[in-house]
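Thank you all for making the time. I would like to walk through one structure with you, a piece at a time, and you can follow along on the screen.

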Amino acid sequence: MASELFLVFGKSFLFVLAAILPILNPAATAPIFLGLTEGASAGTRALLARRIARNMFVLMTGSMLIGSFVLDLFGISLPIVRVGGGLIVASTAWRLLNANHASDDRRTELAGAFTTEHAHRQAFYPLTFPISCGPGSIAAAITVGVALHDQKLTLSLARMGGGVLALLVIAGLLFLALRYAQKLLKPLGDAGTVIFLRLSAFILLCLGVQIIWDGARELLLSLLLTSGIS
């Protein structure tokens with residue numbers, strides 16, 4: 001029995017890691033994080049990296065364990081979550097695309113304005129949601145959570161335990177990517193970093209539009225099916 005539980009635990013760990021890590025993609029989040037925290041000191045960014053990783057873990061774990069029950073309670077469907085979240089992602093990306101690159105004097109001014117209290121306010125929105133952990137990630141976590149449930153309580157607990165451990169590993173990878181984002185992009189230089197940030201913002205905008213389209217398409221299909229039946 002113990003060996004079976006361990007095997008189920010390991011399979012669930014690998015399943016959640018393979019399903020969620022490519023969607024969250026901490027490496028792709030790092031340049032967006034730099035763009036939204038321009039002017040912040042290294043200490044403030046380190047604080048933010050810890051808080052974002054912690055918030056992501058709590059949000060994704062909650063979505064995986066009870067997300068489907070919460071949506072059913074309020075009568076909210078996954079397509080609606082995708083449309084609403086996609087709008088937020090697209091608007092944030094548009095703001096990044098139109099942001100002016102700060103000069104040295106402007107960076108000094110921003111550093112003074114980006115206080116610890118400011119960092120605390122931004123830690124969850126928009127840095128955790130929807131930048132680091134968007135509607136697509138939450139929808140995936142809810143779907144994965146449904147797949148991990150089992151009629152046997154022991155097997156269900158083992159599967160959920162493996163999934164939670166996988167999310168903890170992903171949170172650690174996200175922290176490392178954000179904590180050392182500036183060092184990772186340093187070889188590009190100032191001009192290369194600006195280009196990379198703009199490209200990342202454009203990709204984020206495309207992802208937002210894709211999320212909106214996926215949700216809208218599901219809503220249209222359900223409407224057409226309902227109309228056809230009636």
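Let me begin with a question: at roughly what angle do the axes of helix α2 and helix α4 cross, and within what distance do they come? Please keep in mind, as we look, that this is a predicted model. The axes of α2, which covers residues 26–36, and of α4, which covers residues 78–97, cross at roughly 65° and come within 11 Å, and the crossing in which α2 passes α4 is left-handed. On the α2 side the residues that meet the other helix are I32, G35 and L36, while α4 brings T92, R95 and L96. Sorted by class, the residues of this contact comprise three nonpolar, two polar and one charged.

Staying with α2, let us turn to its packing with α9. Here the axes lie 8 Å apart, at an angle of about 35°, and α2 passes α9 in a right-handed crossing. From α2 come P26, A27, T29, A30 and F33, and these meet L173, L174, A177 and L178 of α9. This contact of α2 with α9 has eight nonpolar residues, one polar residue and no charged residues.

Now to a single residue, R45, which sits in helix α3, residues 42–74. Is R45 buried or exposed? It counts as buried, because its relative accessibility is 11%, and the cut-off for buried is under 20%. If we set aside the neighbours within four places in sequence, R45 is in contact with F33, L34, T37, E38, G39, A40 and Q182. F33 is thus a residue we have met before, in the contact of α2 with α9.

A second residue to look at is H149, found in the loop between α8 (135–148) and α9 (153–179). At 35% relative accessibility H149 counts as partly exposed. Which residues does it touch, leaving aside those within four places in sequence? They are L65, F69, S156, R159 and M160. For R159 we can add that it stands 10 residues from H149 in sequence, with a C-alpha to C-alpha separation of 7.5 Å in space.

Finally, a word on the aromatic rings. The structure holds zero aromatic pairs, but there is an arginine placed over a ring, since R179 lies over the face of Y180, at 5.2 Å from the ring centre.

How values were computed
Residues are numbered from 1 along each chain as its sequence is written. This is a predicted model: local features need pLDDT of at least 70, side-chain atom pairs count only at pLDDT 80 or more; totals for chains, interfaces and linings use all residues. Side-chain values use heavy atoms; hydrogens and water are left out. Axes are lines fitted to C-alpha atoms, for helices over the stretch in contact, and angles run from 0 to 180 degrees between N-to-C directions. Helices (H or I, at least four residues) and strands (E, at least two) are DSSP runs, numbered from the N terminus. A crossing is left-handed if the near helix is turned anticlockwise from the far one by less than a right angle, and right-handed if clockwise. Contact means heavy atoms within 4.5 Å. Ala, Val, Leu, Ile, Met, Phe, Trp, Tyr, Cys and Pro count as nonpolar, Asp, Glu, Lys and Arg as charged, and the others, Gly among them, as polar. Rings of Phe, Tyr and Trp (its six-membered ring) pair if their centres lie within 6.5 Å; planes under 30 degrees apart count as stacked, over 60 as edge-to-face and the rest as tilted. A charge sits over a ring if NZ of Lys or CZ of Arg is within 6 Å of the ring centre and within 35 degrees of the ring normal. Buried means under 20% relative accessible area, exposed over 50%, partly exposed in between (1.4 Å probe, protein chains only).
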